Amino acid sequence: MRFRAKLVDVGCINHFIRLLTCISKLTKACTMRITPDHLHFTLSDRASQGAMGLWCELQQANFFDKYQMDGVSAEHNEIYLDVAPESVSRALRTAQAAKSVKIKLTRKHCPCLTLAVELLTVTGCSRVVTHDIPVYVVPRQIWCDYREPSMPDFDVVEANQKGEMNLKIETELLTVTTHFHDLGKAPWVSDGTQQRSGEERDPEEMASARTDIRKLLQFVSSQLMTPKKAVCNIVDNSLLHFTMFHEDHILQYFIPAMTL
């Protein structure tokens, strides 16, 4: 089992830093899933179990100039690592003007994700700053707990079928509502083969989910990059599901509804 990758392009380096910073603002711990073509960051806790959910997927070819990995076996060619994203983000803060960044799975006193940041000095010489970040190698027997969360059918996409959404903030003293109109209705494939038509639901009927404003603000404030498309799905009285579509990665975030 081995993994090594290298970023050289300064734009890719800074984009990767912003992505890790975004994830570190959402969770203190996550799982890094390494496959031949993709790099994933996810949580083992599922929104359906009342916990926050996160799923981020990026194509390695869009970021890395070199990328090599061998999984636990030829049949199961993947690697799962539990890692603290804040530790990775903090280690990458010095890499914004780096000549290159190398990432390698190593074994020191324990399994580590080793980051080697190559920097140029004022004299034009290179120096390398190395960070060893402890990780936990997830056993293959529990990989199924880290798959992309399966979602129930959404009652509605973006609040109702007419493209209307209301954001309401309630306190003991007042209620403030912001109304959105003419929003796009994103198609949703519920079973991987067929698109739900939405004909079984009244187009004007609203689906809603009450959530902790702090969790919503945590997600909104973590977005350091502007997506090309953002979709909000609502499972009535159950779940908020946000999907941020970027050119080179997709970020999904799940906020369970509060019960009164």
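This report describes a sheet, several salt bridges and one unusual backbone angle in a predicted model.

The sheet is open and consists of 5 strands in the order S5-S1-S7-S8-S9, with antiparallel pairing. Its edges are formed by strand S5 (66-70) and strand S9 (126-134), each of which pairs on one side only, and the twist from one strand to the next averages 15°. Within this sheet, strand S1 (residues 2-7) pairs with strand S7 (residues 100-107) in the antiparallel sense over 4 bridges, and Ala-5 stands opposite Ile-103 in S7.

The whole structure contains 6 salt bridges, including those in the table.

| Salt bridge | Closest N to O distance |
|---|---|
| Arg-33 with Glu-78 | 3.0 Å |
| Glu-86 with Arg-90 | 3.2 Å |
| Arg-93 with Glu-86 | 3.1 Å |

The pair of Arg-33 and Glu-78 links distant parts of the chain, 45 residues apart, since Arg-33 lies in strand S2 (residues 30-34) and Glu-78 in the loop between S5 and strand S6 (79-83); both residues are buried.

Glu-86, Arg-90 and Arg-93, by contrast, are linked in a network of salt bridges. Glu-86 and Arg-90 are separated by about one helical turn, because they are 4 residues apart in helix H2 (residues 85-91). Glu-86 is partly exposed at 28% relative accessibility, as are Arg-90 at 43% and Arg-93 at 48%.

Finally, Asn-237 has a positive phi of about 60° although it is not a glycine. Asn-237 is placed in the loop between strand S14 (229-235) and strand S15 (239-245), and Asn-237 counts as exposed because its relative accessibility is 57%, the cut-off being over 50%.

Methods:
Residues numbered from 1 in each chain as written. Predicted model: local features only at pLDDT ≥ 70, side-chain atom pairs only at ≥ 80, totals over all residues. Heavy atoms only, no water. Helix = DSSP H or I, 4+ residues; strand = E, 2+ residues; numbered from the N terminus. Buried < 20%, exposed > 50% of the residue type's maximum accessible area, 1.4 Å probe, protein only. Pairing = 2+ DSSP bridges. Axes fitted to C-alpha atoms, helices over the stretch in contact; angles between N-to-C directions. Salt bridge = Lys/Arg side-chain N within 4 Å of Asp/Glu carboxyl O.
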